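Open the model in your viewer and keep the sequence panel visible. The stops below go from the whole chain to single residues.

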Amino acid sequence: MTPLQMFGINPLGSVVLALVVPFVIVLFGTYLGVLGALQTFFGESSWQEVSPVDEE
């Protein structure tokens, strides 16, 4: 029996599959979208490289 089948049998597991898994997928997709926008528009791979540092 696979772990996904075990979650599907348990009522709490089905709630976890229905709510948490899509949330994690959307969160990961948002992260990839922001990273892609950084690379496309600024040519950088992190916000620290984009934001100017004011040193006096």
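Start with the whole chain: from the N terminus on, its elements run α-α-α. That gives three helices and zero strands; helices (H or I, at least four residues) and strands (E, at least two) are DSSP runs, numbered from the N terminus. This is a predicted model, in which local features need pLDDT of at least 70 and side-chain atom pairs count only at pLDDT 80 or more, while totals for chains, interfaces and linings use all residues. Residues are numbered from 1 along each chain as its sequence is written, and side-chain values use heavy atoms, with hydrogens and water left out.

Colour by pLDDT (the predictor's confidence in each residue, from 0 to 100). The chain averages 75, and 61% of the residues score at least 70. Among the elements, helix α1 (residues 3-9) has the lowest mean, 62, and α2 the highest, 84.

Next, select α2, residues 11-42. Its end C-alpha atoms are 46 Å apart, which agrees with the 46 Å that 32 residues should span at 1.5 Å a residue; the expected span is 1.5 Å times one less than the number of residues. Centre on L17 for a kink of about 30°, the angle between axes fitted to the seven residues ending there and the seven starting there. Just after α2, G43 has a positive phi of about 70°.

Now select V16, also in α2. Is V16 buried or exposed? Its relative accessibility is 36%, so V16 counts as partly exposed (buried is under 20% relative accessible area, exposed over 50%, partly exposed in between; 1.4 Å probe, protein chains only).

Finally, show the surface of the chain. Its accessible area comes to about 5,000 Å², 71% of it from carbon and sulfur atoms. Buried residues make up 4% of the 56 residues.

Notes
Accessible areas come from the Shrake-Rupley method with a 1.4 Å probe; for residues, only the protein chains shown count as cover.
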